[in-house]
Amino acid sequence: MAEVTTAEKSSAKAADQAAPFEPKIIGFLCWWCSYAASDMAGTSRLKYPPNVSIIRVMCTSRVDPAFILRAFAEGADGVLVAGCHPGQCHYVSGNYKTAARIGLLKKTLSQLGIEDDRLRTEWISAGEIYKFAEVMSDVTEKVRKLGPLNWRENFEPK
Amino acid sequence: MAEAEEQMVKLTIDGIEVEARSSETILEVAQRLKIDIPTLCFYRFVKPYGACRMCSVEVTIHGKSRFVPACSYQVRDGIEVQTRSEGVINHRRMLLELMLARHSQVPVIRELAREYGVDTTRFEEMPSEGCILCGLCVRVCSEIVGANALTFVKRGTDRYVSTPFEGESDTCIACGACAYVCPTNYVKVEDVRSRKYVFSELALGPTTPIHIPFAAAIPGIPYIDAQTCIHMQTGGCGICSIVCEPDAVDYEMQDSFEEMEVGGIILATGYKTFDPARAKQLGYGKFDNVITSLEFEHLSHASGPTEGKFVRADGTEPKSVAILHCVGSRDKNFNEYCSRVCCMYSLKMAHLIREKVPDAEIYELYIDMRCPGSGYEEFYNRLLEEGVHFIRGKGVEVSDRPSNPWAKPIAGGTAEKNGQLFVRCEDTLLGVPRELPVDMVILSVGIEPAEGVEGVARVFKISSKADGFFMERHPKLAPVDTLSDGIFVAGCAQSPKDIPDSVAQGAAAASAAMSLIDAGEVTLEPITSVVDEDVCTGCKTCLLVCPFGAIARDEEKRVAVINDALCKGCGCCVAACPSGAITQRGFDDIQIEAELAALLTS
């Protein structure tokens, strides 16, 4: 049985229209690594799609799984959580906690029928500006391919 | 005996009355008085031997006089010593006559004989090979070095010094002490294998195990290389501790770890040079006459292995030299960044070579000349006028044979000779490939982050850039700060830079650190977490997740309490709190949800 994506479920087939679908993605970036990388990418004038809206947190371990669910509920098509590489967390072990929490959340999301690619974790150190730009493009493209999530129509009780 | 040694005695030497310790010898007292007594078999640090008798002096005691060797005769109370009486002179002349009979070819003996007016000998001549049998080498080897590799063989006129069974000694450690003390230079240490200059080995020049690392080292204190020190390796020698008057030599010293409390840390971990063996096509390590810029620096230095003479591995002077820029830098195979210092030091090398070998052909093979800096462009112009050939094109290959062996040597190129090298490059200004026959190739190696900087970055929780250098807080506005408070960077730890830039950044980092310390207090970020005591159930989940131990449980109120000074504000307890009792200032749920709403409804 072919998998029915959330986009196919939704009635609005925006993809058929002339304008390409521009996904809305929320990015939770840790201040010490990934946010610094975004800063550096900016000063280095790297180009990447503007679809990811960044929310700065001190550490990805501040990201309550509830925030991610709320982001989806309020209309985000994808969520990116980016922090320091394992072993390089400014707060010793915050990224390990995040990895554990996101792992559990992903299971819940898959049970709801939300595709794996809509929630992504990445470890980007402050110096990895090219990786940062690459991740930004990649996450945008992947979510664009999945189409809009349309939480209200697909997941909220009518 | 010890008490007897402390006794002071009075004696006269050449009419001078002196006081001396009874443990001293006449020679020691005389040397203190700057009275010259000739010696051959005497050396301060080995026991007196009294073999050569050249130091004989006339001692009068209780009205009787006799000749004694000054080196081994301990002074006594009331003795009268004559070092240059007629009897002494005659005695020495006789000794010299005897020695001339055997050692007339030894310069030291001839010199002494001339001094005492002895030209000929009345005795039957039995020329020796130059050894005067003073026994210094034997004694030094056993007493100081402790190797016992030398010994006297046979007796009487057949006596000579040799290694046991006259073979290559097993116990000899080739320290050279015997050759050093030999008064006639008869003992020589020879390398039994034929060797060439090995630039990497000789990089700092031959040196003794105890030495000051280099001429301008800070601190300028000698250190002992435990790997080559005879004392450290065999327990012998120890001469440095004997000669050091303030008694500063300590063989027991060990590496130690010290803990210091500081208010700021400056990371200036420096750099290492690119290992050109990684670029196999350049022949480093394969051809003897391909050296790095740093090896050239040692070679051209006045205190280097060749005392500043610029030579090839076989000791001949190179007549043509190619300097290859950007080795390991601006190269996608190795490091993409520019190492910044190589253009200038390559120019300096060309200038030094021009000075040492005025008629040498010098080629600079560059991609771009990067000479920004005070006076740098002027120096480049000067080099252009010094007749250095600048070829715009990277040296791509170094070979020991020409690409076309039948082609006639290029005009100006030397005929094929031992160690001739061929450098291939593309002259991008002429648009032709070129091949330069040269005698020597110098690789201008680039700068890389120092060994182990990843570990340093992890310890201080700072970030590194993609190329491995430490990342500053902001490339323009905070060039010496890092993302960790109180940690600063300076010099090549941050990026390749030359000495003026490193000095400037070092000074900037020092003042940044000082201003932090001087303030006397640290401003904490106002982003710590707080517990709502009315909601907290005291479940201790937050205690488990806090990496800093900043949360404790108030047993009386049965709630969690956060220590503001310890809390670093990561907020992981906020996300973990099952009852939602903890909020992070500046990052509370309402604020983040408001951000979400604002971003998603726009």
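**A buried loop residue and its surroundings in a two-chain model**

I132(B) is found in the loop between helix 4 and helix 5 (136-145) of chain B. The structure described here is a predicted model, and this loop residue makes a convenient way into it. Is I132(B) buried or exposed? With 22 C-beta neighbours inside 10 Å, and 20 being enough to qualify, I132(B) counts as buried. Leaving aside residues within four places in sequence, the contacts of I132(B) are L40(B), M99(B), H103(B), V106(B), I109(B) and T184(B). M99(B) is 33 residues away from I132(B) in sequence, yet their C-alpha atoms are 8.0 Å apart in space.

Several of these partners lead on to a pair of packed helices. The axes of helix 3 (residues 86-103) and helix 4 (residues 107-115), both of chain B, come within 10 Å and cross at roughly 145°. In this pair, helix 3 of chain B passes helix 4 of chain B in a left-handed crossing. Helix 3 of chain B brings L96(B), M99(B), L100(B) and H103(B) to the contact, while helix 4 of chain B brings I109(B), L112(B) and A113(B). Sorted by class, the residues of this contact between helix 3 and helix 4 of chain B are six nonpolar and one polar, with no charged residues. M99(B), H103(B) and I109(B), which take part in the helix contact, are also among the residues that I132(B) touches.

Chain A offers another helix pair to set beside this one. There, helix 2 (residues 34-43) and helix 5 of chain A pack at an angle of about 95°, and their axes are 9 Å apart. How do helix 2 and helix 5 of chain A lie to each other? An angle from 65 to 115 degrees counts as roughly perpendicular, and helix 2 and helix 5 of chain A are therefore roughly perpendicular to each other. The residues that meet are S34(A), A37(A), S38(A), M40(A) and A41(A) from helix 2 of chain A, and I129(A), F132(A) and A133(A) from helix 5 of chain A. This contact of helix 2 with helix 5 of chain A has six nonpolar and two polar residues, and no charged residues.

Helix 5 of chain A appears again in the nonpolar interior. In soluble globular proteins, nonpolar side chains tend to be buried together. The largest nonpolar core in this model has 128 residues, of which C30(A), V79(A), A322(B), I323(B) and V441(B) touch the most other members. Helix 5 (residues 129-146) of chain A gives the most to this core, contributing seven residues. A322(B) shows how such contacts gather around one residue: not counting residues up to four places away in sequence, A322(B) touches Y363(B), L365(B), G395(B), V423(B), L436(B), V438(B) and V441(B). Another core, of 48 residues, lies apart from the largest one and includes C55(B), A70(B), V138(B) and V140(B).

The two chains also meet directly. Their contact takes 33 residues from chain A and 28 residues from chain B. On the side of chain B that touches chain A, helix 15 (572-576) and helix 16 (589-601) of chain B each supply at least two residues. Of the elements on this side, helix 16 of chain B gives the most, with seven residues. By class, the side of chain B facing chain A has 17 nonpolar, five polar and six charged residues.

Turning to overall make-up, chain A has six helices and four strands, and its elements run α-β-α-β-α-β-α-β-α-α from the N terminus on. Buried residues make up 49% of the 158 residues in chain A. In chain B, the secondary structure comes to 16 helices and 25 strands, and 32% of the 602 residues count as buried. Among contacts between residues at least 6 apart in sequence, those joining residues at least 24 apart come to 82% in chain A and 61% in chain B.

A few backbone details in the loops of chain B complete the picture. I218(B) and P219(B) are joined by a cis peptide bond, with omega at about -5°; P219(B) has its place in the loop between strand 8 (210-211) and strand 9 (223-224) of chain B. N185(B), although not a glycine, has a positive phi of about 60°. N185(B) is found in the loop between helix 6 (177-181) and strand 8 of chain B, and is exposed, with 11 other C-beta atoms within 10 Å. R558(B), also a residue other than glycine, has a positive phi near 60°. The loop that holds R558(B) lies between strand 23 (551-554) and strand 24 (559-562) of chain B, and R558(B) is exposed, with 12 other C-beta atoms within 10 Å.

Definitions and conventions: Residues numbered from 1 in each chain as written. Chains lettered and ligands numbered in written order. Predicted model: local features only at pLDDT ≥ 70, side-chain atom pairs only at ≥ 80, totals over all residues. Core = buried A, V, L, I, M, F, W, Y, C linked by C-beta atoms within 7 Å. Contact = placed C-beta atoms within 7 Å. Axes fitted to C-alpha atoms, helices over the stretch in contact; angles between N-to-C directions. Left-handed = near helix turned anticlockwise from the far one by under 90°. Nonpolar A, V, L, I, M, F, W, Y, C, P; charged D, E, K, R; others polar. Parallel < 35°, antiparallel > 145°, perpendicular 65-115°, else oblique.
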